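Student: I have a structure open and would like to talk it through with you. Shall we take it question by question?

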Amino acid sequence: MNAPLKRSLPNAADAFWMPFSPMRAFNEQPLLFDRADGMHYVTPDGWRVLDGMAGLWCVNAGHAQPRITEAIREAAGRLDFVSSFKMTHPAARSYAQRLCAFAPDGIERVFFVNSGSEAVDTALKIARAYHHARGRSARTKLIGRAKGYHGMGFGGLSVAGIGRHKQDFGPLLPDVAHLPLPYDRETMAFSRGLPDGGLAAADALEELVQIHDPATVAAVIVEPVTGSGGVYPPPRGYLARLREICDRHGILLIFDEVITGFGRLGTPFAAQAYGVTPDLITCAKGMTNGAVPMGGVLVSEGVYDAFMAGPPEAIELFHGYTYSAHPLACAAGHAMLDVFEQDDLLGRLNAVLPVWQEGALRLRSSPHVVDVRTAGLLCAVELAPRAGVAGARGQQTYQRCLDDGLLVRSSGDTIVLSPPLIAGEDDVETIFATIGAALAPTA
Ligand SMILES: Cc1ncc(COP(=O)(O)O)c(C=O)c1O
């Protein structure tokens, strides 16, 4: 007998086990959105909420961008799926070429994956395999940084620097070390532009590789701007100094640009904003405007070439995913690049950035604010925790903003912002006025 298609579950509405969510509290009071357009989400009963987070740092061109929607629709009707294992489709090749042209000079190849986590694990594997291909198999150590977030795979979790994310899962990768966060509240709080103090902070890498033996280190991975860990821009000169130290010791430098890629800093990637080109760049999120899952590892020619030394009929990299270069994702990726070109997304964003920085820094005079950090269209407003209840003030501010029609993200007691890049000056004013009101003492 066939199994019944429907069974009655005790809590049918609660079957979805959601990521990073307090399930029991959520199910008591679920927050649902069932439509979105431009800068807004809409709830099933028609309430419009200004999206201060571009979804989850990904809807860079605004929600339901019509050209992206149409490209996905067209692709779905033409080629639903083809694997990229020893075959592929034309849009995968043309998108790869266009994407590499959008990326910094020196980046000439892309390996497609389906998420930021897969991009990070792929980049770490490519880094180790690169050294192996060059006969340096002892180079396996990986260096991350405090407060780094690199997704949820075992590799990304190992190099990440947020302790709570690791506690429940047993041993992670061995041979991983971490740089300190280049941040000092005393000297860097409320910085306008990049804070000073970069060189000393980066020199921690020289110390670390000496402790671990430089000839055993494969790669250093950092987010150019720490994102999920609380928006910490790199101090002036910091990334260039990391580059120098990596070069000195033959270590690969990986920028995790899952958040900073696709325009967030007013340039295609953070590498261009800060004038430092890494060997590998991981990206995802804004790549398809969040409309279809996709990620990628952008690879420099030197790294790619190291794999091409064997016989031409031999597979060079034993790695890949069923959905690498999925036709719908490639269509969305192409359309996203069209939007960048046709709408001058970066030009418009750069015009708004001074208003963003000023609006953010005005919150300095609001109660409880101990730092405001901005980088491109990112912002963190850090609040002093309420005595004995870490996170409570952040949660309350989040809730007050939401009640007032603004979706922000609270990470502990830090309010984090990353709206769509199409935000106008009026949206920016609304965002900071709403946060200011949420922080004001209640009568
Ligand atoms: C810097 C960074 N790397 C990796 C990831 C993981 O991406 P995903 O959630 O798509 O796996 C994220 C997600 O926020 C991220 O911010």
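Student: Happy to start small: which residue in E15 is the bridge partner of Ala380?

Tutor: Keep in mind that this model is predicted. Strand E12 covers residues 378-383 and strand E15 covers residues 414-417, with four bridges joining the two antiparallel strands. Within E15, the residue bridged to Ala380 is Val416.

Student: Which helix packs on the sheet, touching E11 and E12?

Tutor: Look at residues 345-362, a helix whose direction makes about 170° with that of E11. The helix that packs there is H13.

Student: Nice. In what order do the four strands of the open sheet lie?

Tutor: Start from the edges, where each strand pairs on one side only: these are E11 (369-375) and E14 (409-411). Neighbouring strands are turned by 20° against each other on average, direction ignored. With antiparallel pairing, the order is E11-E12-E15-E14.

Student: Zooming out, what is the radius of gyration of the protein chain, and why does the chain count as compact as a globular protein of that length?

Tutor: The chain contains 15 helices and 15 strands. For 443 residues the globule rule gives 22 Å, and the chain comes close to that, so it is as compact as a globular protein of that length. Its radius of gyration is 22 Å.

Student: And what share of the residues is buried?

Tutor: Here a residue counts as buried when 20 or more other C-beta atoms lie within 10 Å of its own. Applied to the 443 residues of the protein chain, the buried share is 47%.

Notes: Residues are numbered from 1 along each chain as its sequence is written. This is a predicted model: local features need pLDDT of at least 70, side-chain atom pairs count only at pLDDT 80 or more; totals for chains, interfaces and linings use all residues. Two strands pair if DSSP finds at least two bridges between them. Axes are lines fitted to C-alpha atoms, for helices over the stretch in contact, and angles run from 0 to 180 degrees between N-to-C directions. Two residues are in contact if their C-beta atoms, placed from the backbone, lie within 7 Å. The radius of gyration is taken over C-alpha atoms; the globule rule is 2.2 Å times the number of residues to the power 0.38. A residue is buried if 20 or more other C-beta atoms lie within 10 Å of its own, exposed if 12 or fewer, and partly exposed in between; C-beta atoms are placed from the backbone.
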